[in-house]
Amino acid sequence: MTYLLMLLGLIGCMALLDARYRLFVFARPLPALASLALGTCIFLLWDVIAIEKGIFLHRESPLMTGVMLGEQLPLEELFFLLFLCYQTMVLLNGALAWRAHRAKARAGVEAP
């Protein structure tokens, strides 16, 4: 349960950053949520394929809930993949916004 709570906390922190700077979900909710869902589904499919090939194996841990979505696929994996996609989009959009802000600031300094 500890791992799931940590993941939920991290997703919450990403949402706070997103809300503060309007980087992804808080900028354009419907396309962002669709993108998160699609990205998470693609990574889940990748996991399922890797599990079928014997590449990914689940090991029991007292830090996890024990709830399985499928064979060798714990509930926490879904939240980890959601966090991975959300973090990537917040970081990407944050970097783009920062770059645009820097360019605008430079243009203002260079103006006579």
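Let's start with how this chain is connected: among contacts between residues at least 6 apart in sequence, 63% join residues at least 24 apart. Please keep in mind as you look around that this is a predicted model.

What is the secondary structure of the chain? It comes to three helices and two strands, and if you read along the sequence you meet them in the pattern α-α-β-β-α. The radius of gyration of the chain is 18 Å, well over the 13 Å that the globule rule gives for 112 residues, so the chain is more spread out than a compact globule. The dimensions of the C-alpha trace can be read beside that value: along its principal axes it spans about 65 × 25 × 25 Å.

Next, the surface. Of the 112 residues of the chain, 23% count as buried. The chain exposes about 7,900 Å², and carbon and sulfur atoms supply 70% of that area. As for charge, there are 9 positive and 8 negative side chains, and the centres of the two sets lie 20 Å apart.

Now let's walk along the chain. Between α1 (2-21) and α2 there is a loop, and Arg22 lies in it. Its phi is near 50°, a positive value in a residue other than glycine. Is Arg22 buried or exposed? Arg22 counts as exposed because its relative accessibility is 56%, and the cut-off for that class is over 50%.

From there we come to helix α2, which covers residues 29-52. Does its length fit a helix of its residue count, and what span should we look for? At 1.5 Å a residue, its 24 residues should span 34 Å, and the end C-alpha atoms are 34 Å apart, which agrees. Several residues of α2 are buried, namely Ala32, Leu36, Gly39, Thr40, Leu44, Asp47, Ala50 and Ile51. Glu52, also in helix α2, gives a contrast: at 66% relative accessibility, it counts as exposed. Just after α2, Gly54 takes a positive phi of about 80°.

The loop between α2 and β1 (68-70) holds His58. This histidine is buried, with a relative accessible area of 16%, and buried here means under 20%. What does His58 touch, leaving aside residues up to four places away in sequence? Its partners are Met64, Met68, Gln72 and Pro74.

One of those partners, Gln72, is worth a visit of its own. Gln72 sits in the loop between β1 and β2 (73-74). Although it is not a glycine, Gln72 has a positive phi of about 65°. At 26% relative accessibility, Gln72 counts as partly exposed, a class that lies between the 20% and 50% cut-offs.

Gln72 also leads us back to the helix we left earlier. How many residues apart in sequence are Glu52 and Gln72, and how far apart are they in space? They are 20 residues apart in sequence and 9.3 Å apart in space, C-alpha to C-alpha. To retrace this last part of the route, Glu52 lies in helix α2, His58 lies in the loop between α2 and β1, and Gln72 lies in the loop between β1 and β2, where His58 touches it.

How values were computed: Residues numbered from 1 in each chain as written. Heavy atoms only, no water. Helix = DSSP H or I, 4+ residues; strand = E, 2+ residues; numbered from the N terminus. Expected span 1.5 Å × (residues − 1). Buried < 20%, exposed > 50% of the residue type's maximum accessible area, 1.4 Å probe, protein only. Rg over C-alpha atoms; globule rule 2.2 N^0.38 Å. Contact = heavy atoms within 4.5 Å. Areas by Shrake-Rupley, 256 points an atom, 1.4 Å probe, with all protein chains shown as cover. Lys, Arg positive; Asp, Glu negative; His and termini not counted. Charge placed at Lys NZ, Arg CZ, Asp CG, Glu CD.
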